[in-house]
Amino acid sequence: MIGGKGETGRAANDQDMIDVLLREWASNRDVAVPPGAALAAADAALAEARITPASQRRWFPAAVFGGSVAAALAGVLVLTPGTVPESASPSGEVVALSPGIGEPQQFASALPETGLVAPSAGEAAMPVASGNSGTQLAASDFGPATAPPLDETFPSFDAPPDDLLMTSHVFTTRPDEELIY
Amino acid sequence: MSDVAAGDDEAFRALTQVLYAPALGTAMKVLGNRAEAEDAVQTALVKLWRTAARFDPEKAKVETWFRRIVINACIDRKRALKPVDPIDEAYDLESEAPGPEAETAGMMRDARIGAAVMELPTRQRAAITLFYGDGATMNEIAEALETTPKAVEGLLARARADLAKRLEPLKEELEA
């Protein structure tokens, strides 16, 4: 019979038959277990559980290597927070470009004059970053009154420092902009 | 179970004696191979020992909880293994000659159904085993397979439709 209730009924019967067959198959779990097999399995499981899992052993070297790399990277990032731009003085001595930069301790000594609370002994004993960013952070923390004045003196063109020389060296005119004499 | 969680070896051995045979039966239905089933149960026992402290008797019976561990061990094992046909899986009954294990009609029928079920994906097989063999509810199967009851309904529907096609010759023989 094609179509109609007959087909639906047959499909239902098929489904029932499948269900019966599957139930019979899935319920039949007569597994012959030799005597002592369960105990042996328990002992083997206990022995296996008490050794280091293989997955941990496998990942241990990778964890050591990864940890070392992470520690090295962290060390590089923490210990070099940024260097003070330095320039050689005419005498050849290396000096900081801005006055006061690199000397954060002077802010702490200036605090009583500004009326701000002075850092505790513990804070004073803490290492201070020697970089430029560390200094600026300290200045902003203690207010603008303690910030060092900016060096606004214009460099002399008669005796140009290295920076100006470098600027003129890098920013040369392009060929089409060259002056024709 | 609390003794097992406390690290009592004897309690673990006693519990294993109760759980081992049913677990092996379930694993054999899912994996279709005794050696693999024994390995899966072994893995499940190790996990039982290690995670016994997490067992909550108010949420499930020990048997249900362990069955879930076994099913997961079977699925993990099947996933890890390459699809190979073991030598002792010669019950693919294409051959006309009945083997010693297929001497009776019932055994033959079981073997044919088993062979058809083995063609299903592992999760469908596990769902079929739990639904028909253990009478597990959709929620229990979903918990065991770490999915939703709705997804389990889908798994079962697909598995039944697939098996209906595969077992068509067997049905015709039974109806004749």
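Is B:Pro57 buried or exposed? The last of these close-ups of a predicted model comes back to that residue.

**View 1. Chain B as a whole, an all-helix chain.** Chain B has nine helices and zero strands, so there's no sheet to look for, going by the DSSP runs used here. Reading from the N terminus, the elements go α-α-α-α-α-α-α-α-α. Of its 176 residues, 35% count as buried. Among the contacts in chain B with a separation of 6 or more, 61% are between residues 24 or more positions apart. On confidence, the average pLDDT of chain B is 81, and 85% of the residues score at least 70. The model itself comes with an ipTM of 0.71 and a pTM of 0.51.

**View 2. Where chain A meets chain B.** Chain A puts 23 residues into the contact, and chain B puts in 30 residues. On the chain A side, α1 (4-27) and α2 (37-49) each supply at least two residues. The largest share of that side is from α1(A), with ten residues. Sort the chain A residues that touch chain B by character and you get 16 nonpolar, three polar and four charged.

**View 3. Helix α3 of chain B and what it packs against.** This helix covers residues 34-51 of chain B, 18 residues in total. How far apart should its ends be? At 1.5 Å a residue the expected span is 26 Å, and the end C-alpha atoms sit 25 Å apart, so the two agree. Several residues of α3(B) are buried, among them B:Ala37, B:Ala40, B:Val41, B:Leu45 and B:Trp49. B:Thr43 is on the buried list too, as are B:Ala44, B:Val46 and B:Leu48. Which helices do these buried residues pack against? Within chain B, they pack against α1 (2-5), α2 (9-31) and α4 (62-80). From across the interface, α2 of chain A joins in as well.

**View 4. B:Pro57, in the loop between α3 and α4 of chain B.** Back to the opening question: B:Pro57 is exposed, because 10 other C-beta atoms lie within 10 Å and the cut-off for exposed is 12 or fewer. The loop that holds B:Pro57 links α3 and α4 of chain B. Now look for B:Met1 in the same view. B:Pro57 and B:Met1 are 56 residues apart along the chain, yet their C-alpha atoms are separated by 8.8 Å.

Conventions
Residues numbered from 1 in each chain as written. Chains lettered and ligands numbered in written order. Predicted model: local features only at pLDDT ≥ 70, side-chain atom pairs only at ≥ 80, totals over all residues. Contact = placed C-beta atoms within 7 Å. Helix = DSSP H or I, 4+ residues; strand = E, 2+ residues; numbered from the N terminus. Nonpolar A, V, L, I, M, F, W, Y, C, P; charged D, E, K, R; others polar. Expected span 1.5 Å × (residues − 1). Buried ≥ 20, exposed ≤ 12 C-beta atoms within 10 Å, placed from the backbone. pLDDT = per-residue confidence, 0-100.
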